[in-house]
Amino acid sequence: MPLASLLWVSVLLGQPQPQPLCTTAEVFLRDDRRMAAIVEPDTVDDWRTRKRVAGCRVTAAGGTTRGVQAEAVGFYERVRAVGWVRTPEPRDAPSEGSLRFRSGPADCLFNVYGAAMLNTDAEMLAEDRRPLVAGETRYHVYVMCLPVMPAAPRDSTPSRPR
């Protein structure tokens, strides 16, 4: 049976789908950062192709004793230290705490933020799975991963999904 058919059968049976594009990010968040992480399939507006692309997302919750801003700086330093590299022409939003990195088959946009703001089931579940201990402040990481692709050419027209 072809892989696509097997995936469709598992969707019909309600079985969770593997999300290989998010595996490295999920393992990093759980094992290195000690966060609770929820992985889900997703479609993402891809700035390179200007189309919606199949990918995945990771919603994670953790705790910090050094504050969210210092945690975010340390988070991105650690992302680099474990081997993630910036994507070519990343088109990310550093003023919003979002940076794009590449590892293996995935280009992932990481966003570090403080209090819950997505109001999704995944965000609430991650918080429930990672209770805070005395002296910790809650922080979250939201990750969107797409397949690795070359950088998009720059032009003067705004990038919009088709």
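**Entry 1. Terms and model**

I count a residue as buried when its relative accessible area is under 20%. I also note that this model is predicted.

**Entry 2. Phe110 and its aromatic partners**

I looked up Phe110 first. Its relative accessibility is 0%, and because the limit for burial is under 20%, I record Phe110 as buried.

I then asked how many aromatic pairs the structure holds. I found six aromatic pairs. One of them joins Trp84 and Phe110 edge-to-face, with 5.1 Å centre to centre and 85° between the planes. This pair links distant parts of the chain, as its members are 26 residues apart. Trp84 lies in the loop between helix 3 (68-81) and strand 3 (85-86), while Phe110 belongs to strand 5 (residues 106-113). Trp84 has a relative accessibility of 3% and therefore counts as buried as well.

Phe110 also pairs with Phe101, again edge-to-face, at 6.1 Å centre to centre and with 75° between the planes. Phe101 is buried, with a relative accessible area of 0%. On the ring of Phe101 I noted a further neighbour: the charged end of Arg86 sits over this ring, 5.4 Å from its centre.

Which residues form the aromatic cluster? I listed Phe28, Phe75, Tyr76, Trp84, Phe101 and Phe110 as one cluster.

**Entry 3. Strand 5**

I next examined the strand that carries Phe110. Eight of the eight residues of strand 5 are buried, so the strand is largely enclosed by the rest of the structure. In a regular strand the side chains alternate between the two faces of the sheet. I therefore checked each side of strand 5, and both faces are covered. On one side Ala106, Cys108, Phe110 and Val112 are buried; on the other Asp107, Leu109, Asn111 and Tyr113 are buried.

**Entry 4. Neighbours of strand 5 in the sheet**

Strands of a sheet pair through backbone hydrogen bonds, either parallel or antiparallel. In which sense does strand 5 pair with strand 4 (residues 98-103)? I found the antiparallel sense, over six bridges. Ser98 stands opposite Asn111 of strand 5, and Ser103 has Ala106 as its bridge partner. Strands 4 and 5 form a hairpin with two residues between them. Gly104, in the turn, has a positive phi of about 55°.

Strand 5 also pairs with strand 6 in the antiparallel sense, here over eight bridges. Asp107 stands opposite Leu146 in strand 6.

I then traced the whole sheet. It is open and made of six strands in the order 1-2-6-5-4-3, with antiparallel pairing. Strand 1 and strand 3 are the edge strands, each pairing on one side only. Helix 4 (residues 121-129) packs on the sheet and touches strand 1, strand 2, strand 5 and strand 6. The direction of helix 4 makes about 155° with that of strand 1.

**Entry 5. Helix 2**

Phe28, a member of the aromatic cluster, led me to helix 2 (residues 23-32), where the buried residues are Ala25, Glu26, Phe28 and Leu29. Seen down the helix axis, these buried residues fall within an arc of 160°, so they line one face of helix 2.

What covers the buried residues of helix 2? I found that the cover includes strand 1 (36-46), strand 2 (51-64), helix 3, strand 5 and strand 6 (137-147). Finally, I noted Arg34 just after helix 2, which takes a positive phi of about 55°.

Note on methods
Residues are numbered from 1 along each chain as its sequence is written. This is a predicted model: local features need pLDDT of at least 70, side-chain atom pairs count only at pLDDT 80 or more; totals for chains, interfaces and linings use all residues. Side-chain values use heavy atoms; hydrogens and water are left out. Rings of Phe, Tyr and Trp (its six-membered ring) pair if their centres lie within 6.5 Å; planes under 30 degrees apart count as stacked, over 60 as edge-to-face and the rest as tilted. Helices (H or I, at least four residues) and strands (E, at least two) are DSSP runs, numbered from the N terminus. Buried means under 20% relative accessible area, exposed over 50%, partly exposed in between (1.4 Å probe, protein chains only). A charge sits over a ring if NZ of Lys or CZ of Arg is within 6 Å of the ring centre and within 35 degrees of the ring normal. The arc is that of the directions from the helix axis to the C-beta atoms. Contact means heavy atoms within 4.5 Å. Two strands pair if DSSP finds at least two bridges between them. Axes are lines fitted to C-alpha atoms, for helices over the stretch in contact, and angles run from 0 to 180 degrees between N-to-C directions.
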